[in-house]
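Visitor: I would like to learn how to read aromatic contacts in a model. Please take me through them.

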Amino acid sequence: MAIEYLGLSEINGPLIVLEGVQNAFYEEMVEFVVEGNQVKKGRIIALEEDKALIQVFDSTDDMSLKNTHTRLTGHPMEIGLSEEILGRTFNGMGEPIDGLGKIKPEAIRDVNGLPMNPCTREYPRNYIRTGISAIDGLTTLIRGQKLPIFSGNGLPHDQLAAQIVEQASLGSDSEEEFGVVFAAMGVKYDVAEFFRRRFEESGASSHVTMFLNLSNDPVVERLITPKVALTAAEYLAFEKGMHILVILTDMTSYAEAMREVSSMKGEIPSRKGYPGYLYSELASLYERAGIVKGCEGSVTQIPILTMPNDDITHPIPDLTGYITEGQIVLERSLHQKNVYPPINVLPSLSRLMKDGIGAEYTREDHQDVANQLFSSYARVGEARDLASVIGEDELSDTDKKYLEFGIAFEQQFVSQGATENRSMEETLNIGWQLLHILPKEELDRVDTKILEKYWEA
């Protein structure tokens, strides 16, 4: 039974203190009626004796201690879901903003989700093709994986995210159902419009569910947006049997919203002013990716975060790296060379890649080609350092070949058009073409049988 209270005890920005509360629980949804007609929503984020600290999902400017009627709903925040959400656009709270009316829900789900029993998880296998060589070839995305993109301010991560949404698939020979859940947090209006327009023009919008939290939306709504998006993804994956790719951008906006609310609550800050529970909050989101035994679908995550000052040791990328299974790193120096996407393959890795590629999934030479390209590109860095000291003319013939390989690798393998969708075959064939620049005896990471089969092919 819902309980109602008249009046408030304290208002501090988006936070409200209500005293005399009975039988309330953490994360319980609250409704406020202001001046007898205006309805606002909130949720309880802390309880102490008979006091409740409530987070309001709207402005509190027109609320006062006496003009507000508070109602405890008796349930956590929930969202109505059905397959109709595919092709639709919602705000950060899960309310439709595309003018197509409300969803007729087949199920009501708690946005906080349920912990996934480790014993029911299946090991991620098989891959999701993005059509981007630097990802598919060298940091392959595996179904059920969480693989973040580490970017920086001014780098084209929005364009890369849009391209992944448009091109992602389970491979040309798969008949399984595939969809994308796209959640944007704290983005400007023009960025949100860019995503909307790109998805509509490419025809991808029919299998994409969008959740948009704009920069002028309430900051506390930003904390709910990824939970709402992941709840929708879990429904489509585990109840409708679809393979769902979730893209969350920008996790830095999410963490900064958390820091702002934590400061208002008067909590003791940790590194860089972020709350001490930043790790557990990020983990509660990232760990909602995976495959469950007995379910046909999967949830795969690509969180995107901008590193402040391009600092990969900043708390957000640092903690994200602990939780996730690899990372894709965008490099500013490559962007300045007009390489798109500017993915630096050396610090990038996919820890689950080895289990979703090879003869059964992609092609038998995939792992060997990837190993050799990594090794050879690492040698390029050594040759460039040496050339900067003694001059390029003084280099050995082999080192000069590595310099030539490095330029070709960046311009032909890493760099590709913003709408260029490469198949896995094309990616691996380009890799072999580049390896032909080097002397055959330098290819020490390729199995002899594989080398004999594909060198002359």
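Guide: We go through ring pairs, then a charge over a ring.
Guide: This is a predicted model: local features need pLDDT of at least 70, side-chain atom pairs count only at pLDDT 80 or more, and totals for chains, interfaces and linings use all residues. Residues are numbered from 1 along each chain as its sequence is written, and side-chain values use heavy atoms, without hydrogens and water.

Visitor: What describes a pair of aromatic rings?
Guide: The distance of the centres and the angle of the planes. Rings of Phe, Tyr and Trp (its six-membered ring) pair if their centres lie within 6.5 Å; planes under 30 degrees apart are stacked, over 60 edge-to-face, the rest tilted.

Visitor: How many aromatic pairs does a search of the whole structure find?
Guide: It finds 9. One of them joins Phe90 and Phe211, stacked at 5.3 Å centre to centre with 20° between the planes.

Visitor: Which strands hold Phe90 and Phe211?
Guide: Phe90 lies in S9 (residues 89-91) and Phe211 in S16 (residues 208-214), so the pair ties together parts 121 residues apart in sequence. Strands are DSSP runs of E, at least two residues; helices are runs of H or I, at least four; both are numbered from the N terminus.

Visitor: Are these two rings buried or exposed?
Guide: Buried means under 20% relative accessible area, exposed over 50%, partly exposed in between (1.4 Å probe, protein chains only). Phe90 is buried at 3%, and Phe211 is buried at 1%.

Visitor: Where do Phe405 and Phe409 lie?
Guide: In helix H10 (residues 397-414), 4 residues apart, so about one helical turn separates them. Phe405 and Phe409 are stacked, at 5.7 Å and 25°. Both are buried.

Visitor: Which residue lies over the face of Tyr274?
Guide: Arg259, at 4.3 Å from the ring centre. The test: NZ of Lys or CZ of Arg within 6 Å of the ring centre and within 35 degrees of the ring normal.
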